[in-house]
Amino acid sequence: MNAPATLMQVRPDDGHGRAEDLTPLELIRKLVSFDTTSRESNLALIEWVRAYLGNYGIASALTFDDDRRKANLFATIPAQDGNATTGGIVLSGHTDVVPVDGQPWDSNPFEVVQQGDRLIGRGVTDMKSFLAVGLSFVPEFVRRGLRKPVHFALSYDEEVGCIGVRRLISDVLAKGLSPLGCIVGEPTGMQLVVAHKGKKAWRCRVRGFEAHSSLTPNGVNAVQIACEIVAWIARRAREFRDAGRKDDAYDVPFTTVHVGTIHGGTALNIVPRDCAFDFEIRHLPFDDPDAFFAEVKTYAESFLPAMHAVASGTHIEFDLLSTLPGFDTHEGSEITALGCACNGTHAFGKVSFGTEASLFHNASLPTVICGPGHIAQAHQPNEWVALDQIARCENFMRRLSDQICAS
Ligand SMILES: [Zn+2]
């Protein structure tokens with residue numbers, strides 16, 4: 001696809017100073033033009049950002065995945081006094097996007113279209129606009145000079161389990177950096193978010209015993225046993241909703257559990273041998289995901305004696321699929337105060353979706369989330385972000401710039 005004629009290309013090696021500064025809109029168009037669906041390489045985008053930063057004399061460190069098909073980028077704009085390690089902030093975001101396969105898009109997802117007061121394209125909300133606005137302030141940071149360093153942290157494979165950022169964080173720690181905190185630009189409608197729920201997901205595999213469906217007592221019906229466990233999980237979900245502890249600062253103020261997929265059986269006239277389903281918990285900090293899992297497991301195991309009485313090879317097994325801790329940055333923390341100052345309001349909230357923020361937080365990097373666009377538009381066909389959100393993000397960065405620049 002061709003970039004619009006108005007989009008200037010950064011010339012990384014023209015040897016004659018920097019290219020003309022790119023506007024946030026131009027940067028959004030550029031970043032979206034790279035198809036960084038999680039299964040694809042993100043190296044073209046990473047190399048482009050590296051060249052862009054290089055134009056302003058900023059070096060980037062890349063860390064690769066095992067196949068060297070994907071990379072994280074970490075770049076530091078040192079303070080005027082040369083300090084590149086102490087204090088300052090990290091602006092962080094993931095470079096990958098979710099697939100567009102099977103989604104009814106009205107335009108090329110990798111070419112930003114402006115429609116009224118909206119920009120449409122894969123990643124405009126989740127979460128290339130934040131990265132673009134942040135990068136558009138690099139010239140200003142450099143020209144005004146910084147009192148404390150600013151770091152850019154761009155990760156790969158967030159959408160498939162926050163994989164890249166784990167490597168990035170260990171590299172940051174190995175460098176001995178101690179930033180004041182980190183701002184993760186996931187879409188929050190530019191609301192400052194200081195906490196999100198944790199998440200843990202499992203697969204349950206029920207192995208029954210096949211029989212002709214006219215002889216059901218001779219078989220062990222894996223589908224029906226799985227459904228009993230699913231129904232138990234659904235009941236537990238209602239208990240969390242109706243009787244669990246709540247935190248009204250969250251958009252969904254209670255812990256949620258849910259079954260997302262189920263597969264089982266082969267034909268109606270066969271008592272099914274196998275059934276598997278995936279389930280997850282998105283928990284508030286005071287609810288223990290492992291305690292929930294132990295309850296599920298205990299309930300599932302109550303079926304085993306009857307199963308074994310029919311066929312000895314039957315079983316119920318569980319695989320842990322993913323785990324993401326929650327986080328809660330305290331109200332009084334410096335990064336929360338800075339976030340409030342940049343947003344021009346003391347309001348902040350908590351959200352139910354997981355992000356890389358909790359991994360930074362757990363690595364002793366105080367973190368907040370604040371980015372343009374809304375999570376409801378993320379992962380959708382015709383993903384869009386309102387221009388007003390981009391403007392608010394620019395205001396945020398401008399205030400940040402005033403807070404951290406020397407002049
Ligand atoms: Zn995201």
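User: What does Arg50 form a salt bridge with, and how far apart are the closest N and O atoms?
Analyst: In this predicted model, Arg50 pairs with Glu47, and the closest N and O atoms of that salt bridge are 3.2 Å apart.

User: Where do Arg50 and Glu47 lie?
Analyst: Both belong to helix H2, which covers residues 43-54, and they sit three residues apart, about one turn of the helix.

User: Are those two buried or partly exposed?
Analyst: Arg50 counts as partly exposed because its relative accessibility is 32%, and Glu47 is likewise partly exposed at 35%.

User: How many salt bridges does the count come to?
Analyst: The count comes to 25 salt bridges. Among them is the one between Lys200 and Asp290, with the closest N and O atoms 2.7 Å apart. Lys200 is in strand E9 (residues 198-207) and Asp290 is in helix H7 (residues 289-301), so this pair ties together parts that are 90 residues apart in sequence.

User: Lys200 and Asp290, buried or partly exposed?
Analyst: Lys200 counts as buried, at 14% relative accessibility, whereas Asp290 counts as partly exposed, at 39%.

User: And what does Arg205 meet in a salt bridge?
Analyst: The side chain of Arg205 meets that of Asp319, at 2.9 Å from N to O. Arg205 lies in strand E9 and Asp319 in strand E14 (residues 315-324), so the pair ties together parts that are 114 residues apart in sequence. Arg205 is partly exposed, with a relative accessible area of 30%, and Asp319 is partly exposed as well, at 26% relative accessibility.

User: Which residues do salt bridges that share partners join into one network?
Analyst: Arg235, Arg236, Glu239 and Glu295 are joined into one network in that way.

User: Switching to the metal: which protein donors does the zinc ion have?
Analyst: His94 contributes NE2, Asp126 contributes an OD atom and Glu186 appears twice through OE atoms, with these donors lying 1.8 to 2.5 Å from the zinc ion. In sequence the donor residues follow the spacing H-x31-D-x59-E. His94 is in strand E3 (residues 89-94) and Asp126 is in the loop between strand E5 (118-120) and helix H3 (128-136), 32 residues apart, so that pair links distant parts of the chain.

User: Why is the arrangement around the zinc ion irregular?
Analyst: The four donor atoms subtend angles of 55 to 139°, and a tetrahedral assignment would need all angles to lie between 85 and 135 degrees, so the arrangement is irregular.

User: His94 and Asp126, buried or exposed?
Analyst: His94 is buried, with a relative accessible area of 0%, and Asp126 also counts as buried, at 4% relative accessibility.

User: How many residues of H3 are buried?
Analyst: Nine of the nine residues of H3 are buried, so the helix is largely enclosed by the rest of the structure. The buried residues include Lys128, Phe130 and Leu135.

User: What about Glu158, where is it found?
Analyst: Glu158 is found in the loop between strand E6 (150-155) and helix H5 (164-174). Leaving aside residues up to four places away in sequence, Glu158 touches His94, Asp96, Glu186, Gly354, Thr355 and Glu356, and two of these, His94 and Glu186, are also donor residues of the zinc ion.

User: Which side chain of opposite charge is nearest to Glu158?
Analyst: That is Lys199, 9.2 Å away, and Glu158 is buried yet has no salt bridge.

User: What does the side chain of Glu158 make a polar contact with?
Analyst: The polar contact is with the side chain of His94, at 3.3 Å.

Definitions and conventions
Residues are numbered from 1 along each chain as its sequence is written. This is a predicted model: local features need pLDDT of at least 70, side-chain atom pairs count only at pLDDT 80 or more; totals for chains, interfaces and linings use all residues. Side-chain values use heavy atoms; hydrogens and water are left out. Helices (H or I, at least four residues) and strands (E, at least two) are DSSP runs, numbered from the N terminus. Buried means under 20% relative accessible area, exposed over 50%, partly exposed in between (1.4 Å probe, protein chains only). Lys and Arg count as positive and Asp and Glu as negative; His and the chain ends are not counted. A salt bridge is a side-chain nitrogen of Lys or Arg within 4 Å of a carboxyl oxygen of Asp or Glu. A polar contact is a pair of N or O atoms within 3.5 Å; within protein, one must be able to donate a hydrogen and the other to accept it, and residues adjacent in sequence count only if both atoms are side-chain atoms. Contact means heavy atoms within 4.5 Å. Donors are N, O and S atoms within 2.8 Å of the metal (3.2 Å for Na, K and Ca); water is not among the atoms, so sites may look incomplete. Four donors count as tetrahedral if all angles lie between 85 and 135 degrees; four count as square planar and six as octahedral if opposite donors are over 155 degrees apart and all others between 65 and 115; anything else is irregular.
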